[in-house]
Amino acid sequence: MIDSVGLIGDPVDHSLSPAMQNAAFRHHGLPDSYVLWHTPEAELGQRVAILRAEGMRGANVTIPHKTAVVPLLDALDPVAEAVGAANTIVRLPDGRLHGSNTDVQGFQRALSAVGFDPTGKRVVVLGAGGAARAVVYGLLHAEAQSLALVTRSVEPAEALLSDCLATLDSDPSLLALPFDNPELRQVIVEADLLINATPVGLDGTGSPIADDLIHPHLLVVDLIYHATPFLRAAAQRGAATQDGLEMLVQQGALSFEAWTGLAAPVDAMRAAAQQALKERT
Ligand code: NAP
């Protein structure tokens with residue numbers, strides 16, 4: 001086994017990626033091993049430099065380093081550049097490091113897996129952190145008609161929307177509003193898609209918004225990998241639902257393809273991630 005690829009983040013021990021990526025390497029009979037590289041902020045430069053060595057394939061990058069890693073790389077794909085964050089590093093044959101952001105396309109593929117096309121749709125996104133950035137970019141570049149970004153304080157939402165708008169040719173209707181704004185109810189009444197991109201519900205408790213704001217004509221997505229109280233309430237209220245596992249699998253499949261040039265065995269990767277999640281809970 002060669003520890004040629006891994007996950008750079010802090011913390012990393014919760015990750016389903018080793019199970020998923022190692023299933024893909026085994027599927028193709030490759031000797032690579034995907035490992036967890038717990039990396040405090042002070043060690044990020046050193047960790048990334050190790051990827052330049054012969055025999056390394058690259059890495060995934062997670063919280064809190066997706067933005068900080070960008071200046072340490074030699075080249076970026078246009079999506080990572082526009083989002084300002086990279087979650088995948090590929091070591092090129094000459095040792096240079098190329099960054100990309102597979103969260104954006106992973107999210108778009110996860111939506112299409114449940115038959116949802118964002119084009120012309122009205123969307124509400126809760127949270128304005130790193131995951132929301134990829135989601136908002138993916139939705140607006142898929143030509144969503146309108147997008148409301150809901151946060152505790154409006155400044156990060158306004159910054160995210162203005163960064164994203166700068167990358168668009170179209171002019172969608174955009175709104176930043178706080179959770180406690182009474183307009184939120186009407187905005188959700190008119191929406192087709194509602195996404196939780198906050199960590200609320202990660203520990204199995206709490207919901208980002210009141211259950212009675214959810215209506216049966218919504219697709220409700222939670223980026224958290226398991227059924228949260230928010231998703232359970234949505235299902236009870238007759239909405240279609242999707243948890244974050246498919247986005248995780250799809251972004252991982254795209255990373256695998258970037259490292260190896262081989263087709264990702266998506267079904268085997270999904271099954272391995274589901275099994276690892278079951279063993280964890
Ligand atoms: P992040 O960068 O820390 O951002 C979290 C966002 O949630 C911020 O806007 C934060 O707002 C908000 N928030 C935090 N606690 C809140 C609360 N109690 N009430 C309301 N808003 C709150 O985290 P992230 O990387 O975006 O991750 C967000 C979630 O997505 C996590 O659960 C993560 O596991 C999940 N995720 C899933 C995938 C996938 O592939 N499925 C990929 C990435 C992330 P403040 O600025 O007010 O704190």
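Biologist: What makes the residues around the second largest pocket divide into nonpolar, polar and charged groups?

Modeller: This is a predicted model, and the lining of its second largest pocket divides into eight nonpolar, two polar and two charged residues. Arg122 and Glu190 belong to the lining, and both are charged because Arg and Glu count as such. Ser146 and Ser173 line the pocket too, and Ser falls among the polar residues because it is in neither the nonpolar nor the charged list. The nonpolar part includes Val123, Val124, Leu147, Ala148, Leu174, Leu175, Val187 and Ala191.

Biologist: Which strands supply at least two residues each to that lining?

Modeller: Strands β7 (122-126), β8 (146-151) and β9 (173-178) do. The space in this pocket comes to about 160 Å³.

Biologist: Why is the other space, lined by Ala82 and its companions, called a cavity and not a pocket?

Modeller: The word cavity applies because a 1.4 Å probe fits at its points but cannot get out, whereas a pocket is open. A search of the whole structure, with a threshold of 30 Å³ or more, finds one such cavity. The largest cavity holds about 50 Å³. Lining this cavity are Ala82, Val83, Arg133, Tyr137, Leu160, Asp163 and Cys164.

Biologist: Which helix gives the most to the lining of the largest cavity, and how do the residues divide by class?

Modeller: Helix α6 gives the most, with three residues. Each of α3 (78-83), α5 and α6 (154-165) supplies at least two. By class there are five nonpolar, no polar and two charged residues.

Biologist: How do you know that α4 and α5 pack against each other, and at what angle?

Modeller: Contact means heavy atoms within 4.5 Å, and Asp103, Val104, Phe107, Gln108 and Leu111 of α4 meet Ala134, Val135, Tyr137, Gly138 and Leu139 of α5. Two packed helices are described by the angle between their axes and the distance between those axes. For α4 (residues 102-113) and α5 (residues 130-141) the angle is about 60°, and the axes are 8 Å apart. The crossing is right-handed. By class, this contact has seven nonpolar, two polar and one charged residues.

Biologist: What is the angle between α1 and α10, and which hand has their crossing?

Modeller: Helix α1 (residues 17-27) and helix α10 (residues 266-280) pack at about 145°, again with axes 8 Å apart. Their crossing is right-handed. On the α1 side the contact is made by Ala19, Met20, Gln21, Ala23 and Ala24, and on the α10 side by Ala268, Met269, Ala272, Ala273 and Ala276. That gives nine nonpolar, one polar and no charged residues.

Biologist: What do the peptide bonds at proline 11 and proline 64 look like?

Modeller: Most peptide bonds are trans, but these are two cis ones. Aspartate 10 and proline 11 are joined by a cis bond with omega of about 5°, and the bond from isoleucine 63 to proline 64 is cis with omega near 0°. Proline 11 sits in the loop between β1 (2-9) and α1, while proline 64 is in the loop between β3 and β4 (75-76).

Biologist: What makes the phi of glutamate 143 worth a remark?

Modeller: Most residues other than glycine have a negative phi. Glutamate 143 has a positive one, near 65°. Its place is the loop between α5 and β8.

Biologist: Which residues does arginine 57 touch, leaving aside those up to four places away in sequence?

Modeller: Its contacts are Ser4, Val5, Phe25, Leu30, Asp32, Ile89, Val90, Arg91, Trp259 and Thr260. Arginine 57 lies in the loop between α2 (44-50) and β3 (58-61). Its C-alpha atom is 8.0 Å from that of leucine 92, a residue 35 places away along the chain.

Biologist: Now for the whole fold. How many helices and strands are there, and what is the radius of gyration?

Modeller: There are 10 helices and 12 strands. The radius of gyration is 19 Å, close to the 19 Å from the globule rule for 281 residues, so the protein is as compact as a globular protein of that length. Along the principal axes, the C-alpha trace spans about 55 × 40 × 30 Å.

Definitions and conventions. Residues numbered from 1 in each chain as written. Predicted model: local features only at pLDDT ≥ 70, side-chain atom pairs only at ≥ 80, totals over all residues. Heavy atoms only, no water. Axes fitted to C-alpha atoms, helices over the stretch in contact; angles between N-to-C directions. Helix = DSSP H or I, 4+ residues; strand = E, 2+ residues; numbered from the N terminus. Left-handed = near helix turned anticlockwise from the far one by under 90°. 1 Å grid on protein atoms, 1.4 Å probe; cavity = no way out; pocket = protein on both sides within 12 Å on 5 of 7 lines; lining within 4 Å. Points joined across faces, edges and corners; volume = space filled by probe spheres on them. Rg over C-alpha atoms; globule rule 2.2 N^0.38 Å.
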